[in-house]
Amino acid sequence: MKKIFAITGAVFMSALFACNNYLDVKPQGQIDEEAAASDPATAQNLVTGIYNNMWVGKLHGFPFIGVTNIASDDADKGSSPDDAAPTQGQLDNLTMDANNSTFNDLWSGYYQAIARANKALGSLESSTSLDAATKSRLQGEVHFLRGYFYFNLVRIFGGVPKIDKVLTPAEAAQDQYQTRASADDIYQLIISDLEFALANLPAKGASGSAVGRATKGAAAGMLAKVMLYRRNWQRAFSLADSVITGKVGPYSLVTDYATIWRQAGANNSESLFEIQTGTNATCDAAVEVYSNSQGPRAGGKRGWADLGWGFGGPSQSLVNEYEPGDKRLAATVITVGPTGTILWDNFRIPGRDSVENDRYNYKAYHSRTMEQFCGNQDRLPKNLRILRLAEVLLIHAEAALALGNGGAAAADVSALRVRAGLAGKPSVTLQDIWHERRVELAMEHDRYFELVRENGLAPGTAVAAFSKHGKTFVVGKHEVFPIPFTQIQFSQGKLQQNPNY
Amino acid sequence: MSITVTKIRGAWLAGMMLVIFAANALAQQTDPVKGTVKDSATGEALIGVTVRIQGTSAGTTTGPDGSFTVRLPGESGTIVVSYLGYVSQSRVVNAGQSGVNIQLAKDQNQLGGVVVVGYGTQRKRDVTGAIASVKGEDLARQPVLTATQAMQGKVAGVQIINSGQPNTQPQVRVRGTGSVMGGANPLYVVDGVLTDDIRNINNADIVSMDVLKDASAAIYGVRAANGVVIITTRKGKAGKMEIRYDGQAGFREAAHLVKMADRNQYIDYLRDAAPSKDPNTDAAAYGGSTNWYDALLRKAFQMNHNVSVSGGSDKYTYYYSAGYIEDNGIVRTNDFRRFTFRANNDLNISEKWKLTSQLSYSRGSGQNVSLFDIYGNIYRAAPVVPVQEGGRYGNTSAWGNVANPMLQVDKRNYLQQDSRLQGNIALEYNPAKWLKLRSAFNADLRWGYDRVYNYQFLNDDKTFLVAGGNQRQDNSKLQINDSRQQGWVWDNTATFDHSFGKHHLTVLAGSVTEGFYSTFLLGSRINVPAQKDLWYLDLGDPNVQSTLYNRGDKYARQSFVGRASYSYDDRYLLSASIRADGSSKFKERWGYFPTVGIGWVMTQEGFMKDQQLFDFLKFRASWGQLGNDNIPTNAYINTATVNLPYFFDNSITQGIALQDTKDNNLKWETTTQFDVGFEFSLLDERLSGELDYYNKKTSDALIVVNIPSILGDPDNTYITNAASFKNTGFEVSLNWKDDISKDFSYNVGGNISFNKNEVTNLAGGQALLGGGVGQQSYITRTDNGQPVASFYVLESLGVYQSQDEINSDPNIKNDPNKGNIRPGDLRYKDFNGDGIINASDRQFVGSYQPKYFYGFNLGLKYKSFDFSADFYGSGGNKIYNGKKAYRFENTDNIEADYENNRWKPDRPSATDPRLITSNLPASTYFVESGNFLRCNNLTIGYNLPEQTLKRMGLTRFRVYLTAQNLFTLMRFTGFSPELPGGTIDYDNSINNRVNTATNSTNNTSGILDAGIELNAYPITRTFGFGVNVSF
């Protein structure tokens, strides 16, 4: 009998031993938090992951084109009348409501990017394998990107929840994160992020920098722009000045405006920051549907293999803004002629009767024959120019004018006018600078925010501009877009809607 | 373990030696012993009783008069007389003795025999749970691949939904659908191996299939919530060697096809649907008059051969079998072959030690076709386009229609192979009569190989009769998937079994350790040469569109089981079990799954002694908790998204993101089940049956919950344990059997099950949408208070007959779309009363889950003939005619019946609209009755008479004719009322393997989209001829 119990006992004991640690099975072929933490490359890879996020359509694709260009007086919805009428059509007519999916896309897209940035910051903080210089540079890059993401968010929605660390689902349910921080609070975060970036990033071409990574120049330019929105003229001026004078890296205007947005102009001497598509090795390394959604579209008699969906073509109001002889018009607007239009790469768009719209965005045009093309229409490799020297000149001009330095302002504006084939100006008004801004940066995803900013300085500007465009801008409402209704629901109603939506 | 392995090896050798000894033992000769065997109660001679000489494999069986003759190896010995359903007897006899009269008594304890209950067996009469048992011979009789198909209609409470495709398993629902995201199919236990796939098991090898329907399944703990099906394979019986051959051959055809519009009907429809299309003006190109079903479908050959050798002695028994199935699909080129081999051995090393093994190997191989595409395109292909002429194909896509399905079939070669080695080796030790210790090692090794080759062809006039269209494959493409799975389970159990006076106690305790690992390597390249011998990835273009995936999965479990069964006087029964499951799949490692059951055998009571009605009557009740951990391994761990590229200095750098928000406390779903039932037999055991009521509540069910975007999760959802479901039901099964005379006996059986399924609480989770049908979007909705996957559509109120009706219809008084509505269009009910018809007017209109399903069967034996018929049906459910609703183009073909009935200005119709276009919303117009009754199997057999057999030296020779799915009565106008859902190639598609490996938790296939006939594989009808021989 004893023997029996001994054997039974032995079997059970062996099973118990087996169970010790036996259930600790690591995920196969997947990197979990623990594995990530022990890999010295993780922090760096997480930073790359944030840059990658910029290709996501929700950040810079169709919804972004909608709120920056189509909603503004620079562009029309375009395409066929019914296509995307509930989303882009509403934006074009400024009749959007909180259920328009564009806003939820932008909201979730930017918060996804911000979450990646927060994750990377946490990982960098705890990383022991990086040398101090690399670590601070990478931290600078992340702060730059997060600042830029919040800058877009605050301009689209006004104050938004301030998320500056990785949240657990339980934390996310707290009021602190469920409710909106004020726009001022968000700007504070943006400024501190960009200040950090400015202090820690290498200048273009300096050790540690690389084409595509955020640089000291990019941080200075972006912060200058933020200061313009905060009406801190002194700081805006000095930051812009540091860029123009080469203190934060070598920048100069290119001679041919038309090439800026082509592949040939990628990362040119004028570029402070742009979204890279590189060699597009994997054929999907580009902002989702960016070029395709804005490409010329067949209509009427059709009969040609078209290049896209035809959204966001330049408006008549924009065309009217150009002075005669301004070379920038032809570089910005594809005008569909009655008998066909030959583009810079010799592609011929047929006559107007076979095309859906009158005008298309030339800056978004991608040449299938003379630029990299591997067949993926939805991810055509087009670098998005987020910030370039011309804009810094205009920031410099506006800040200078506000500080009473009219001479510097005129010099900045003249530099751009001369390149555009126009005569320089001995002196400029604020309106001259704003006009120059509109034509220089047309279709570059800035106009809607810019109009709202100008309207803050000169009330009535937005209403007048939109009335020329045939639309109604409602003061006290249209300065920001509605908070997505879906997100208000998720917050159990704690997120407050913007006024009059 | 190393000790066990050595012992096993030694035992194998010993086993082989014993076979040789046993054969030698037959050689000696003595005077024969003669006698008869009779029923102790009736005095009738018993035929076919086994009479075996103890200690040898020698023996015989009784003849038609109950007589037998055996020769002892020595001067005296013991004969053992055994017969199914009777208590065995042994008798000491001397050589030359005659007139040995043996009277066998019926085994009163063996009502329905023995059932397998998990880590042991129990007498059916002692069981306190709802366990149904199906005998192997009832399964093997039908010409089907898997045993579950053959089980359809035979077990109350078990719904089997078949598809007609070769090499697929049916969907099985034991007592309703208890999960939407965790998988709803039962666990299979094949000789101790836990699996979800039994396509490797030869039906002829199965001795019994036991279904644990209620909480008694809790012995399998965290995997038992959907029920457990235990499959036991045959073993040899001590006695004379038996050689059996069972063969069957026949053909399959589509059981029912929908009649499509012919050329003229189609042209008539086009005049309204696509006025710009006129095939007559293009007669040269489109002069066809095609029935695409005739062109693509065929009568498919099918056959099944099994050979087995079994026998043994007191020391050693063996069962070897080999099986071959060839099962061709009814779509051209679709075929499947499976070879199986089995070796089951039992070796008594000594009185106390026993070694057993059950091993099987199977290899399946077949040509798959993309049935989802092919069936969709056959249904839609325009009848005006010819299939093929002089080697060139009709160009359906140039006509503005779907791809030519014949060309699709011809330009794709999809080889699938699956090899599987499965089995166990167990060592048993009986230190005392009342104690058994058993250690079993079970393994399941699997290798898969899929090879898809798409031939290159262009839309030019070399391929097509007319150039153009978009059906083309610019580059040839080869895709290869090599996969491997290995699972093992080590069971250690101790079973205590003892009687003390009227008390009987059985106690089981054990531990179960389990491991699983799988991996695959999937690659593809383009421009691989077209010769079959060159189909290797090396020969493809390494630079363009070259893909390579390699993923894996691994998990482990450690469990402890305990069960105690107590009975007093065979009258009061009590049993309880608990299983503790530790799983690597969750952060919360341990789950505990208890069950308790009681039974009361009323016929054992004094007050029942005098009644004549019942021979046996038992009341039983059980309660218990079961788990469902059918959840991907890493569903609770945050893992990185890798290979997120970006360009720095124009060169590519791969980034990562840790961005998924997951419920780190995700765990198994829990089902609490309560069951009460009666088991009875009466009228001298001619009528027997069972009644059951159950109540099954699933809590902590997985559900998708939306989360705020501030968490940064890419799809703003996460999966958590929040929802609950309820299934309540009632089951009845009755069997009647009677022997009218020596020549004529019959049996009739039937069962019916009623089930009510309801989502009781989504607890903040989102209503789950499923069953996408083209532009109609999702058809089913799983929401509070409704059955899982209820159809959620507009209510159609018939057809507008005139413009006046449209103008005055209050349902559309504010509808901005009103101007587009014309007479002949469908009218819908404005459910929310806003005068606009849109998605918010959708309503719940029933689901595919049947309110009841039933099966009945009939068996007759008259002299040498036997006849059997099986029927199956279900009712109270709905089907969505998705294929009719899903229009790709207006040029898609239509059903002849619709064309004959649709509304036309000169031929008004109250039921069918003038056109079915892609923008017709989902509505009750497409919802049809799911009721059906089918004759599953009809078999007529003829047995050679005893005398003839003797002369030929055979023990059995039977020939038979069989028909599977002979006819179906249904109101549904489609192909088949059996719509398991899921992508049709679900179980074995490459994509599924990729999805599984990416740990998507949307394990909803077949749950949320069952009952939608989108491109269903028509159920097939089989006619076959077969033969059973043994000697």
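**A colleague's note on chains A and B**

1. Let's start with the inventory: chain B has twelve helices and 50 strands, where helices (H or I, at least four residues) and strands (E, at least two) are DSSP runs numbered from the N terminus. Keep in mind that this is a predicted model, in which local features need pLDDT of at least 70, side-chain atom pairs count only at pLDDT 80 or more, and totals for chains, interfaces and linings use all residues. Residues are numbered from 1 along each chain as its sequence is written, while chains are lettered from A and ligands numbered from 1 in the order in which they are written.

2. On overall form, the C-alpha trace of chain B spans about 100 × 70 × 65 Å along its principal axes. The radius of gyration of chain B is 32 Å, which agrees with the value near 31 Å for a compact globule of 1031 residues; the radius is taken over C-alpha atoms, and the globule rule is 2.2 Å times the number of residues to the power 0.38.

3. How much of chain B is buried? Buried residues account for 49% of its 1031 residues. Here a residue is buried if 20 or more other C-beta atoms lie within 10 Å of its own, exposed if 12 or fewer, and partly exposed in between, with C-beta atoms placed from the backbone.

4. Contacts in chain B reach a long way along the sequence: among those between residues at least 6 apart, 71% join residues at least 24 apart. Two residues are in contact if their C-beta atoms, placed from the backbone, lie within 7 Å.

5. One sheet deserves a look. In chain B, five strands form an open sheet with mixed pairing, in the order S10-S15-S16-S13-S14; two strands pair if DSSP finds at least two bridges between them. S10 and S14 (193–195) of chain B stand at the edges with a single partner strand each, so one side of each has no neighbour in the sheet.

6. Now zoom in on S15 (residues 206–212) of chain B, where six of the seven residues are buried. S15(B) runs antiparallel to S10 (residues 131–135) of chain B, and five bridges join them; Ile131(B) has Leu212(B) as its bridge partner. S15(B) also pairs with S16 (residues 228–233) of chain B, again in the antiparallel sense, over six bridges, and Ile206(B) stands opposite Thr233(B) there.

7. For a single residue, try Glu588(B), in the loop between strands S29 (572–583) and S30 (590–601) of chain B. Glu588(B) counts as exposed because it has 12 C-beta neighbours inside 10 Å. Neighbours within four places in sequence aside, Glu588(B) is in contact with Asn665(B) and Lys667(B).

8. Over in chain A, the domain assignment gives domain 1 (37–200 + 471–501), domain 2 (204–275 + 388–465) and domain 3 (290–382); such bounds come from an automatic or database domain assignment. The C-alpha centres of domains 1 and 3 of chain A lie 30 Å apart, and 17 residues of domain 1 are in contact with 16 residues of domain 3. Helix H5 (residues 62–70) of chain A gives the most to the domain 1 side, with four residues.
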